[in-house]
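Good morning, colleagues. Please take a moment with the sequence and the coordinates before I begin my remarks.

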Amino acid sequence: FTFSIQPLREGLLEVKGIGLCMCGAIWGRRDFNLKKKRLNRTQQQRKTVSYEPNFSLSVRVTAPMPRLEAQFVDFPDQIIHGEVRRAGLMLRNCSSKTGLKNVRVRMTHPAFVCIGQEDYSARLHMFNSGNPNTKFENMPVPIDVSLGPGDTVTVPIWVLGRSVGTFTLHFLFYYESEVGNTEMRYRLTRCQSDIRVLPSVRVATFTQQSATDLNAYLLGIEMENADPNMIFSLNQLSAVSSTWKVEALSNSKTSSKELYTVAARQSVSIFFRLQRVSDTEVFEGKLSQQNYRRINSQIHSDLVFDSKRQPIDSSAHPQFTLLQKEKALLLDLKAQTQPIVNAPPTPKEQKSLALTKEKPAENFNMDDSINKVDLMLFWEATPISNSSNSTNNQS
């Protein structure tokens, strides 16, 4: 049998038993004798016969609480590696009496999904990177919404195909009541979604010291198309660094678009220049010209290869937010591989560190905070069978 209980006031509801009436004349009662666990931890408990209370049929009745329902809208079940697609997250307050606030979400794959118009979780994690016990995957993402009784809102989300494979993305939502509740401070809601990421373009980069300029490097990008049914065209290359900017090797604007197109099962290598930004360019404001911008001590340089398309702002959301999420995960991975106790450097290592500080341009390292360069490649994917359809990608 299945029974329903409707509490009429706040307090502790204990189900002691059940009463029934047979044929409308004979009443009966059955008490529930719940099994209790014998306590045997302390010496006093072992001397006496004591049992642990069984609260399996006890329910704490609190004031009315909101109930959040989360549902994805147009969430892709299949995308290609590096593709960024917009979807929606519909949040609904199913309660008719109480509103909710302070909505937060924790994800098992935070680098795959970007929620809302702004997401500062990656920046806060990198700011607090000195705490080894804090992982980016454990950081909750606040959602700036407050829902009244019966309200519904759709929050924009962006889904990134970060890694090839099949993944199940789990989401745990935390929220509180607007009026407050001393007995139940918060509630939780879970949801999940499956996604399959197909291979697209494999990208490898390398650098080489320039033979004519000590403050410049040759940047090579090798691209291999791993999808037999797609043609990928590189529309834009963006670089983010504190001291370096990316430039084209030639000032000519008549470069063929075929140089940046990768056919099915083909490989292409393209080359650019990494130029150190001088102090004169920073103080005189020369970075604001053409495709170079300085935002929050970071230099954003964008090279657009298709003149018919508007350049994509690499410092805007969600492009820069997804980049920050990737950097936060790499920071966690680096922290896990480092030893807990760092031994003092040997005299040979001290000499190497001194040379690095004296000549940073001659010791280029992509992992160095000063010489680090983050690259973003913006693609357009066109199916071979149907050239009229295309997909925008970021890797």
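**Backbone outliers, cores and sheets**

I begin with Asp-74, which counts as exposed, because its relative accessibility is 64% and the threshold for that class is over 50%. Please bear in mind throughout that this is a predicted model. Asp-74 sits in the loop that links strand 7 to strand 8 (78-80). Its phi is near 60°, a positive value in a residue other than glycine. As background, most residues other than glycine have a negative phi, and most peptide bonds are trans.

A positive phi, about 50°, also occurs at Asn-102, again not a glycine. Asn-102, however, belongs to strand 10, and at 35% relative accessibility it is classed as partly exposed. There is also a cis peptide bond to note: it runs from His-317 to Pro-318, with omega near 5°. Pro-318 is placed in the loop between strand 23 (298-304) and helix 4 (319-337).

I turn now to the interior. Which residues touch the most other members of the largest nonpolar core? Within that core of 30 residues, they are Leu-89, Leu-91, Ile-115, Ile-143, Phe-171 and Phe-173. Several strands each supply at least two residues of the core, including strand 9 (84-93), strand 13 (152-160) and strand 15 (187-198). The largest share, five residues, is contributed by strand 14.

Leu-89 deserves a closer look. Beyond its neighbours within four places in sequence, Leu-89 has contacts that include Ala-70, Phe-72, Ile-115, Ile-143, Val-155 and Phe-173. A second core, separate from this one, has 26 residues, among them Leu-219, Met-230, Trp-244 and Val-246.

Next, the sheets. One open sheet has four strands in the order 7-9-13-11, with antiparallel pairing. Strand 7 and strand 11 each have a single partner strand, so one side of each lacks a neighbour in the sheet. From one strand to the next, the twist averages 30°. Strand 7 and strand 9 run antiparallel and are joined by six bridges; at one of these positions, Leu-68 has Asn-93 of strand 9 as its bridge partner.

Another open sheet, also of four antiparallel strands, follows the order 16-17-21-19. Here strand 16 (201-209) and strand 19 (244-248) are the edges; each has a single partner, so one side of each is without a neighbour in the sheet. The average twist between successive strands is 30°. Strand 17 (residues 216-225) pairs with strand 21 (residues 267-276) in the antiparallel sense over nine bridges, and Tyr-217 stands opposite Leu-274 of strand 21.

Is Thr-98, in contrast to Asp-74, buried or exposed? Thr-98 is buried, because its relative accessible area is 5% and the limit for that class is under 20%. Thr-98 is nevertheless a loop residue, located between strand 9 and strand 10. Its side chain reaches the backbone oxygen of Pro-64 at 3.3 Å. Not counting residues up to four places away in sequence, Thr-98 touches, among others, Met-65, Asn-93, Pro-149, Ser-177 and Val-179.

I close with the confidence of the prediction. The mean pLDDT of the protein chain is 81, and 78% of its residues reach 70 or more. Over residues 355-368, by contrast, the pLDDT is below 50, although this stretch has 24 contacts in the model beyond near neighbours in sequence. Where pLDDT is low, the predicted coordinates should not be read in detail.

Notes:
Residues numbered from 1 in each chain as written. Predicted model: local features only at pLDDT ≥ 70, side-chain atom pairs only at ≥ 80, totals over all residues. Heavy atoms only, no water. Core = buried A, V, L, I, M, F, W, Y, C linked by side-chain atoms within 4.5 Å. Buried < 20%, exposed > 50% of the residue type's maximum accessible area, 1.4 Å probe, protein only. Contact = heavy atoms within 4.5 Å. Pairing = 2+ DSSP bridges. Axes fitted to C-alpha atoms, helices over the stretch in contact; angles between N-to-C directions. Polar contact = N/O pair within 3.5 Å; in protein donor to acceptor, adjacent residues only side chain to side chain. pLDDT = per-residue confidence, 0-100.
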